[in-house]
Amino acid sequence: TLLTIAGILLSPDKGDIVINGSKITQKNQKEWTKTRREKLGFVFQNHQLLPYLTGEEQLKMIASMDEYKSAEDRNKAVEELFQNLGISDCKKKYPKHMSGGEKQRVAIARAFINRPDVILADEPTASLDGTRGRQITEMIRQEVKRRSTAAIMVTHDERILDLVDSIYRLEKGKLVKVK
């Protein structure tokens, strides 16, 4: 629910969603969509890749929604992300031919392609074993640092908590800072 509201997919019962000092809750649906597209990147629990697009096509489709990039800039950004995340061999693969870890890395690349201000990650390690889950979390962390952005991750995977800067727990309906 927290990520759904933070991602402007649902409106809160009370309070405001504020991104870069702008109260999003006071804007219309069209502006919500624009803000999601330009300011937020999503990493879903179950990657949500489109089955009929290759890894490269997944990213290029999202990148094409950024009207300020040339085709050359888009292609360079796609190539850079595939290299950084170690999935260059997935560019021409369809999701059904990728491992779970590869799918999740393509999903991470998709979340970062338009250089969002905030990455929202919903249980990105849930379908992965401990080793792969840690690798995925480290990749998100590296990309966040490399791109000077922020990430909010919801997880039950306590094995990765040493990789994050701050930890909050939901206790009796309130977020409580732990670290």
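These notebook entries record what I looked up in a predicted model of one protein chain.

**Entry 1: helix H4**

I began with helix H4, which covers residues 71-84 and has 14 residues. I compared its length with expectation: from first C-alpha to last, H4 reaches 20 Å, close to the 20 Å expected at 1.5 Å a residue.

I then asked which residues of H4 are buried. They are Arg74, Ala77, Val78, Leu81 and Phe82. These residues lie on the same side of H4, because they cover an arc of only 130° around the axis. The general geometry helps here: an α-helix has 3.6 residues a turn, so residues three or four places apart point the same way. On the other side of H4, I found Glu72, Lys76 and Gln83 exposed.

Next I looked for what covers the buried residues of H4. The cover includes helix H3 (55-63), helix H5 (100-112) and helix H6 (130-147). I also noted that glycine 86 follows H4 and has a positive phi, near 65°.

**Entry 2: helix H5**

I turned to H5, one of the helices that cover H4. The 13 residues of H5 should span 18 Å at 1.5 Å a residue, and its end C-alpha atoms are 19 Å apart, which agrees.

How many of the 13 residues of H5 are buried? I recorded twelve, so H5 is mostly covered; buried here means under 20% relative accessible area. Among them are charged residues as well as nonpolar ones, including Glu102, Lys103, Arg105, Val106, Ile108 and Phe112. The cover over the buried residues of H5 includes strand E3 (40-43), H3, H4, strand E4 (118-122) and H6.

**Entry 3: salt bridges**

I counted salt bridges next, and the total came to 17. I examined three pairs and one network.

In the first pair, the side chains of lysine 34 and glutamate 38 meet at 3.1 Å, N to O. Both belong to helix H2 (residues 29-39); they are four residues apart and therefore separated by about one helical turn. Lysine 34 is partly exposed, with a relative accessible area of 43%, and glutamate 38 is also partly exposed, at 30%.

The second pair is arginine 159 with aspartate 157, at 2.9 Å, N to O. Is each partner buried or exposed? Arginine 159 is exposed, at 52% relative accessibility, whereas aspartate 157 is buried, at 9%.

In the third pair, arginine 169 forms a salt bridge with glutamate 158, and their closest N and O atoms are 3.4 Å apart. This pair links distant parts of the chain, eleven residues apart. Arginine 169 is in strand E6 (residues 168-171), and glutamate 158 is in the loop between strand E5 (150-154) and E6. I recorded arginine 169 as partly exposed, with a relative accessible area of 34%, and glutamate 158 as exposed, at 53%.

Finally, I noted a network of salt bridges that links Glu80, Arg115, Glu143, Arg146 and Arg147.

**Entry 4: a nonpolar patch**

My last search concerned the surface. Which residues make the nonpolar surface patch of about 520 Å²? I listed Leu2, Ile152, Tyr168, Leu170 and Leu175. I followed up one of these, leucine 175, which lies in strand E7 (residues 174-177). Leucine 175 is partly exposed, with a relative accessible area of 48%. That value passes the requirement for a patch residue, because the cut-off is over 30% relative accessible area.

Definitions and conventions:
Residues are numbered from 1 along each chain as its sequence is written. This is a predicted model: local features need pLDDT of at least 70, side-chain atom pairs count only at pLDDT 80 or more; totals for chains, interfaces and linings use all residues. Side-chain values use heavy atoms; hydrogens and water are left out. Patches are made of residues with over 30% relative accessible area and no salt bridge: like charges are joined within 9 Å, nonpolar side chains (Val, Leu, Ile, Met, Phe, Trp, Tyr) within 5 Å. Accessible areas come from the Shrake-Rupley method with a 1.4 Å probe; for residues, only the protein chains shown count as cover. A salt bridge is a side-chain nitrogen of Lys or Arg within 4 Å of a carboxyl oxygen of Asp or Glu. Helices (H or I, at least four residues) and strands (E, at least two) are DSSP runs, numbered from the N terminus. Buried means under 20% relative accessible area, exposed over 50%, partly exposed in between (1.4 Å probe, protein chains only). The expected span of a helix is 1.5 Å times one less than its number of residues. The arc is that of the directions from the helix axis to the C-beta atoms. Contact means heavy atoms within 4.5 Å.
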